[in-house]
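Please open the model in your viewer and keep the sequence beside it. The tour below goes from one selection to the next and says what is to be found at each stop.

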Amino acid sequence: MLKQVSLIFFLIFSSYMRAESQDLKHLTNELEVNVAASRVWELYRHLGISMLTAQQLKNVIQNVQVLEGDGGVGTMLKLTFAPGNLSYTERFIEVNDEKKVKVAKGLEGGCLAIGCSVQIVRFDIVEKTSDSCIIKSDIAYAVKEEFEANDPKPNIQLLAAAAQIAKRFLESSENDA
């Protein structure tokens, strides 16, 4: 069993490293939040932001299913979008508490279904002051050569909406305290 887990981790890590060496395009969103970076990281670190976003965007996300894991490295999530016929599955490949960074690699769906060969989602919680930070969301992707004319790309809007939801949730709970 340990050998199987090690092999799976090695394959995912090596595909991530290959993706990093490709010529990746990036879509980025940044949002300032008037809450300490450590509080924002608590929400992003595990499954909190996924569940909160699904709860707040019921018209967009029909279901979030944890296929494997508890929010740490190796966790697999499947998001099913309303009306339920499109989905996206990702695996967390990095969760760095010191740097407040979380990285997930798309496994199926999303832009992978329309011509992308790689989709990597990264969240950085960047401390600005002791009581404010920046939520930086980035999608790195590569397009399969045969689809380049169509210019497929992932949608950053869901990550931007999740950051706005986190901001409202955390700033309002900060004001309630």
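Before the first selection, one term is needed: two strands are said to pair if DSSP finds at least two bridges between them. With that in mind, and remembering that this is a predicted model, select strand E5, residues 101-109, together with strand E6, residues 116-129, which pair in the antiparallel sense over five bridges. Within this pair, lysine 105 stands opposite isoleucine 120 in E6, and valine 103 has arginine 122 of E6 opposite it. Follow the chain from E5 into the hairpin that leads to E6, where six residues lie between the strands and where glycine 110 takes a positive phi near 55°.

Next, keep E6 selected and add strand E7, residues 132-143, with which E6 pairs in the antiparallel sense over twelve bridges. The hairpin that joins E6 to E7 does so through two residues, and threonine 129 has serine 132 in E7 as its bridge partner.

Now widen the selection to the whole sheet, which is open, has seven strands in the order E1-E7-E6-E5-E4-E3-E2, and shows antiparallel pairing. At its edges you will find strand E1, residues 25-33, and strand E2, residues 61-68, each of which pairs on one side only. If you look along the sheet, neighbouring strands are turned by 20° against each other on average, with direction ignored.

From the sheet, turn to the helices that lie against it. Select helix H2, residues 37-45, which packs on the sheet and touches E1, strand E4 (86-96), E5, E6 and E7, while its direction makes about 155° with that of E6. Then select helix H3, residues 48-56, which lies across E2 and strand E3, residues 76-81, and runs at about 155° to E2.

Stay with helix H3 for a moment and pick out serine 50, which has its place in this helix. Is serine 50 buried or exposed? Buried means under 20% relative accessible area, and serine 50 counts as buried because its relative accessibility is 17%. When its neighbours within four places in sequence are left aside, serine 50 is in contact with Val64 and Leu77.

The next stop is glycine 74, which you can find in the loop between E2 and E3. Glycine 74 has a relative accessible area of 18% and is therefore buried. Which residues does glycine 74 touch, not counting residues up to four places away in sequence? They are Glu68, Arg91 and Phe92. To see one of these relations in space, draw a line from the C-alpha of glycine 74 to the C-alpha of arginine 91: the two residues are 17 apart in sequence, and the line spans 5.8 Å.

Finally, clear the selection and look at the protein as a whole, which has four helices and seven strands. Read along the sequence, these elements follow the pattern α-β-α-α-β-β-β-β-β-β-α. Of the 177 residues of the protein, 46% count as buried. Among the contacts in the protein with a separation of 6 or more, 52% are accounted for by residues 24 or more positions apart. If you switch on a surface display, the accessible surface of the protein comes to about 10000 Å², and 52% of it belongs to carbon and sulfur atoms.

Terms used. Residues numbered from 1 in each chain as written. Predicted model: local features only at pLDDT ≥ 70, side-chain atom pairs only at ≥ 80, totals over all residues. Heavy atoms only, no water. Axes fitted to C-alpha atoms, helices over the stretch in contact; angles between N-to-C directions. Contact = heavy atoms within 4.5 Å. Buried < 20%, exposed > 50% of the residue type's maximum accessible area, 1.4 Å probe, protein only. Areas by Shrake-Rupley, 256 points an atom, 1.4 Å probe, with all protein chains shown as cover.
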